[in-house]
Amino acid sequence: MAHEPLETPAGVSDSAARSARDLRVVLSRLRRRIREVATDEDLTPSQESALTLVGKHGAATASALASAEGVRPQSMAATLTALDQHGLIRRSPDPDDGRRHLVTLTEAGRARIEDNMQVRSEWLARAFEDRYTEQERQTIIKALGLMERLSEQ
């Protein structure tokens, strides 16, 4: 079934609407490709995502991680069990509530995240080097400077 193009919102130019659509598609593909570069075969995508989330949040409860990841607490519990079995996280009693546990990274978990970030950064830099001329890279740098405004609040 073919999808009809989205309508351009009122008061928005066709070029702005096309830029938005094209950017979403390109960012989605690029994100997926970057994720593939350092995907560990012994972890599922949801385990990789949860490991990264624990690294970003620091000490957090399983329910807080589930909420941040947009999954059911039971799903997060299963994911955390797998990460624990790989020795990538540790669980320790929450000093504020002994019924709960806080999840943190082990040194192995921290190293895995850092290694993945390094591999992804190197792949991206090499891709820019191999696929673009210096002039094209300068154009990309300028475009990224303009796009930075989209992330400003």
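The following conversation goes through the fold, the largest pocket, the salt bridges and one residue of a predicted model.

Biologist: What should I know about the model before we start?
Modeller: Residues are numbered from 1 along each chain as its sequence is written, and side-chain values use heavy atoms, with hydrogens and water left out. The model is predicted, with local features needing pLDDT of at least 70 and side-chain atom pairs counting only at pLDDT 80 or more, while totals for chains, interfaces and linings use all residues.

Biologist: How many helices and strands does the protein have?
Modeller: The protein has six helices and two strands. Helices (H or I, at least four residues) and strands (E, at least two) are DSSP runs, numbered from the N terminus. The order of the elements from the N terminus is α-α-α-α-β-β-α-α.

Biologist: Is the protein compact or spread out?
Modeller: The protein is more spread out than a compact globule, because its radius of gyration is 20 Å, well over the 15 Å that the globule rule gives for 153 residues. That radius is taken over C-alpha atoms, and the rule is 2.2 Å times the number of residues to the power 0.38. Along the principal axes, the C-alpha atoms fill a box of roughly 55 × 40 × 35 Å.

Biologist: And what share of the residues is buried?
Modeller: Buried residues account for 24% of the 153. Buried means under 20% relative accessible area, exposed over 50%, and partly exposed in between (1.4 Å probe, protein chains only). As for contacts (heavy atoms within 4.5 Å), 49% of those with a separation of 6 or more are between residues 24 or more positions apart.

Biologist: Let us turn to pockets. How much space lies in the largest pocket?
Modeller: The largest pocket holds about 1,300 Å³ of space. Its lining has 35 residues, and the closest to its centre are Leu27, Leu30, Arg31, Ile34 and Leu124. On a 1 Å grid over the protein atoms alone, a pocket is an open set of points where a 1.4 Å probe fits, with protein on both sides within 12 Å along at least five of seven lines; lining residues have an atom within 4 Å of a point. Grid points are joined across faces, edges and corners, and the volume is the space filled by probe spheres set on the points.

Biologist: Which elements give two or more residues to that lining?
Modeller: Those elements are helix H1 (14–37), helix H2 (45–57), helix H5 (107–131) and helix H6 (134–151). H5 provides the largest share, 11 residues.

Biologist: How does the lining divide by residue type?
Modeller: There are 19 nonpolar, six polar and 10 charged residues in the lining. Here Ala, Val, Leu, Ile, Met, Phe, Trp, Tyr, Cys and Pro count as nonpolar, Asp, Glu, Lys and Arg as charged, and the others, Gly among them, as polar.

Biologist: How many salt bridges are there in the whole structure?
Modeller: The search finds 10, each a side-chain nitrogen of Lys or Arg within 4 Å of a carboxyl oxygen of Asp or Glu. A network of salt bridges links Asp94, Asp97, Arg99 and Arg100.

Biologist: What does Asp42 pair with?
Modeller: Asp42 forms a salt bridge with Arg112, their closest N and O atoms being 3.3 Å apart. Asp42 lies in the loop between H1 and H2 and Arg112 in helix H5, so the pair ties together parts that are 70 residues apart in sequence.

Biologist: Are these two partners buried or exposed?
Modeller: Asp42 is partly exposed, at a relative accessible area of 42%, whereas Arg112 is buried, at 17%.

Biologist: What about Arg33 and Glu36?
Modeller: Arg33 and Glu36 form a salt bridge, with 3.7 Å between the closest N and O atoms. They are three residues apart in helix H1, which means a separation of about one helical turn. Arg33 is partly exposed at 37%, and Glu36 is partly exposed at 47%.

Biologist: One last residue: what does Val119 touch?
Modeller: Val119, in helix H5, touches Val37 and Ala38, not counting residues up to four places away in sequence. The C-alpha atoms of Val119 and Val37 are separated by 7.3 Å, although the two residues are 82 apart along the chain. Val119 is partly exposed, with a relative accessible area of 35%.
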